[in-house]
Structure formats: C-alpha cells, structure tokens
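Reader: I'd love a close look at one part of this model, the place where the ligand sits. Could you walk me through what surrounds it and then move on to a strand that you find worth describing?

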Amino acid sequence: MNLINDTNGVSRVEGVALSAIAERFGTPCYVYSRAALTAAYASYRSALAGHNARICYAVKANSNVAILNLFARLGAGFDIVSGGELARVIAAGGDPAKVVFSGVAKSRAEMQQALTAGIHCFNVESASELEQLNTVAGEMGKRAPVALRVNPNVDPKTHPYISTGLKTAKFGVAFDTARELYRGAQALPNLEIRGIACHIGSQLLDPQPAADAAGKVLELVDSLAAEGIALEHIDLGGGMGIRYRDEVVLPTADYLAPMLTRLAGRREMLYFEPGRSLVGNAGLLLTRVEVLKHGEEKNFAIVDAAMNDLARPALYDAWHEIVKVGAGGTAPAGTPRESGTAKTENARQSQYEIVGPICESGDFLGHDRNLALAEGDLLAILSAGAYGMAMSSNYNSRPRAAEVMVDGEQMHLIRRREEVAQLFALESVLP
Ligand code: LLP
C-alpha cells in the first residue's frame, strides 16, 4: 500500500514527484508504478513456482494498453469479458493463445472474433451458450475450445455486488447439472472440451472459500475423468483481495497455499485470473482541491476528481485512503494556483467530506477525513489502480482523466486526457 514515498516533504512514486506529474499532465490523473505492477506479478509467479500454471490477468480491472503490454512482456495471459477487451489485448501485444473468455453471455460477433483470433478457451456459463458457440464454430468450419464455469455454491464472504459463487448468482452453471452439460458438450461436434472454470467473487481476504471451491471442482474433474471426459486445465478464477484500509491481507503465496495444497500433483494445467491484486495497489488517483467549504454541520473539500473518475466509493461505499501530497518548498510569490502550488500557509485542519463537483450527493470520494487542507493542495486517492479508470465515465460531460506510468525517474503518459469535443463527436442533431 506504500505506493508513495515521502522524503523531505516531497511525495514521490518511485523517483518521480507527484507534484511534477500534476504540473505536467494536470489533474485528475491516474498514476501507476511499473515497479509495483511488476512486483505484484512476480508475487504470483513465485507463489506458483513448481506448478504448471498460467496467470491470466483480468483485463476488466484496468485495461490500459500499457498495463496489458507490461503484463504480456512478463509472460501473462489474459482473462477477457468482451470483444473490446480482446481487441485491446491484441493491440497491446498479448498472445490470443493465452486468452480465456469469461462472461455470462457472449454475442455471436464476439464468438466469431475470438475464434478467428484463436483464443485458448471460452468459459461457458449456460447450456444455450454451448449450443450457440457450437453453431457459430460450425459455420466458421472451426472447433471452439470450451470450459464450463461451474458455480460451487460457496460463500466467498465479500460485498454482495462482487460475490459470484452462490447459487443465487447469475454466474456459472449449477454444480449439480455440470456433469450433464459436459456430456452434452461432448456430443456437440464443433466443441472441444478443454477445462473447467470457477470464480467465486472478488476482494476475498479469507483463503478458505476459494480452497473449498477448488476442492469441489476437483471432485467434479475426477468424476468426469471416470466417465472418460478428461480435462486439460483447471481455472480457479481471480478474487484475492488487497488492503484498502486496515484489512488483513495475506501475502500472495499464503493466500494461494490452501488451494495449491489441494491441487498438488495434479496433471491438469492451473489457470488463475487475478485482477485487483495485480493492479489495485499499484495505482492512485491524483486530484487537486478546488474549493474548501466550511459549513455548520460538515466541511467539504471539493476536488477536481469525482464519481465519474472513481466510482467505487459511490457504488460500493468503498473506502480509499486519501493523503495529502507533499510538494516540497513554498512557491515563489505570485505563482498562480494552476501551476500546482497550494496556499499551504492557510491550511486548515478539519474533518472533511472529500467530494467531487458532480451534481449529486452520491458524488463522494471519502467521508470524514481528518486533513489539513488549503485550496490548491494535491491529494492522492490510494489503491485506485483496479476498477478505477476502467469504471470511469463521462457523466456531467467530464472528460476522462489522464493516465501516467512512472518507471524509475521517468513519467510516461499512457493515456492523454480526453478532450471535450471527443465527448460528443459521435452524436448528431436531427435533420
Ligand atoms: N475472473 C472473473 C470471471 C471475474 O468475474 C473477475 C472479477 C475476475 C476474474 C477478477 O477478480 P479480481 O481478482 O479482480 O478480484 N468492480 C468491482 C469488482 C468487480 C469484479 C468483477 N469480476 C470493484 O470495484 O470492487
């Protein structure tokens, strides 16, 4: 979680001052660390050492092509949920042969696109999808590689919106009917059965539910083998949680250990689909305090980032740590606020509601934060690398933020700030 290092009053990510990033690229701005992304990936690689395993980064967590390219260079495969994500993976230099395609429903066009690209596997979630895929593959003169995503009915003990492994969820095929569906799939001529998949939820802290789910999946794999349906791989999904506030988070190897114990000595290749745990703590959202409003009941720090930039607080009531960014030194007299210097001498310590400028009360980034703030100050919203930019929108016709990757002493712009004209470029008025 210590993405920022503070020395002599200057807050840096790796060797680059956050104030320098704000000055050069403006705010709001997402900032990522190449070293932190690489370290997170390395923690999976070393936890999986000795296992025949593939790490398929869940693109949905952060789909910037620079991030995809970095993971591709490190050898990762990818877990995608749309044709759009597949196009990004390919544009970023990812290998389609290492791609698994998840999601409760895929369109015909997406099936065609993925078959043409030659992905490793479709994770299929219903009997209808098996049939549709069989038809599309047949029309193309191909065989579609498939796994069934099974729902093990295990409680992952996480936020209900990101819990997927219970019977009541729309995800996967019911555990009890899976065997019959495999038999059905085997009878369809244009499908090739490759594996099995399971993903029970996200931001999981306790490793036990995932290990229990793996145990149930193994029972199924063995009973299928007894019928002559041999699987090549077992995909255990993603879900490992990260520290946002004070959660107790196990190191990657310890989180995976109970699962790997059960999987020891298996001949099937293991697949994992981590998203959040690879990128979440490797990114932050840099924002500037526009206005301070001290009221009778509440004090507000209105910043230039909003719920359209980071939806998690508004959507899940998620807590992200917010820290003041040290810029070091004081600005020469007469320096305009826009150049990145706050009137720090006027800083006022208070409990602040950190909110955006959007016209609704749900537009908050943090409640009750005790900070000494002045207008013009820079703030960093931490643990924003996952499901931050990826879930951003243009609500209130706000251009999406810029994205910057820090690499040692270098800062690289990996996504330009959107321009307002782009926001309505696809629209047209009536004749
Ligand atoms: N595989 C599948 C099939 C998934 O549905 C997901 C996430 C992942 C892998 C990656 O899970 P992770 O390792 O990131 O936990 N927007 C929410 C999270 C939604 C997760 C959706 N599925 C949030 O901001 O918390």
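Author: Happy to! Let's start with a backbone contact: a polar backbone atom of G275 lies 2.9 Å from an oxygen atom of the ligand. Keep in mind that this is a predicted model. Taken alone, the ligand exposes 590 Å², and the protein buries 91% of that. G239 also takes part through its backbone, with a polar atom 2.8 Å from an oxygen atom of the ligand. D79 uses its side chain instead: an N or O atom there is 3.2 Å from a nitrogen atom of the ligand. Around the ligand there are 19 residues, and those that come nearest are S202, E273, R312, Y316 and Y387.

Now to the strand, β11, which spans residues 191-197. Six of its seven residues are buried, so β11 is largely enclosed by the rest of the structure; buried here means under 20% relative accessible area.

What does β11 pair with? One partner is strand β9 (residues 144-151), which runs parallel to β11 and is joined to it by six bridges. Within this pairing, L148 has I196 of β11 as its bridge partner. Another partner is strand β12 (residues 233-235), again in the parallel sense, over three bridges. Here G195 is matched with H233 in β12.

Finally, the connection: β11, helix α8 (residues 208-226) and β12 together make a right-handed β-α-β unit. As a reading aid for the side chains, in a regular strand they alternate between the two faces of the sheet.

Terms used:
Residues numbered from 1 in each chain as written. Predicted model: local features only at pLDDT ≥ 70, side-chain atom pairs only at ≥ 80, totals over all residues. Heavy atoms only, no water. Buried < 20%, exposed > 50% of the residue type's maximum accessible area, 1.4 Å probe, protein only. Helix = DSSP H or I, 4+ residues; strand = E, 2+ residues; numbered from the N terminus. Pairing = 2+ DSSP bridges. Right-handed = clockwise from strand over helix to strand, strands pointing away. Near = heavy atom within 4 Å. Polar contact = N/O pair within 3.5 Å; in protein donor to acceptor, adjacent residues only side chain to side chain. Areas by Shrake-Rupley, 256 points an atom, 1.4 Å probe, with all protein chains shown as cover.
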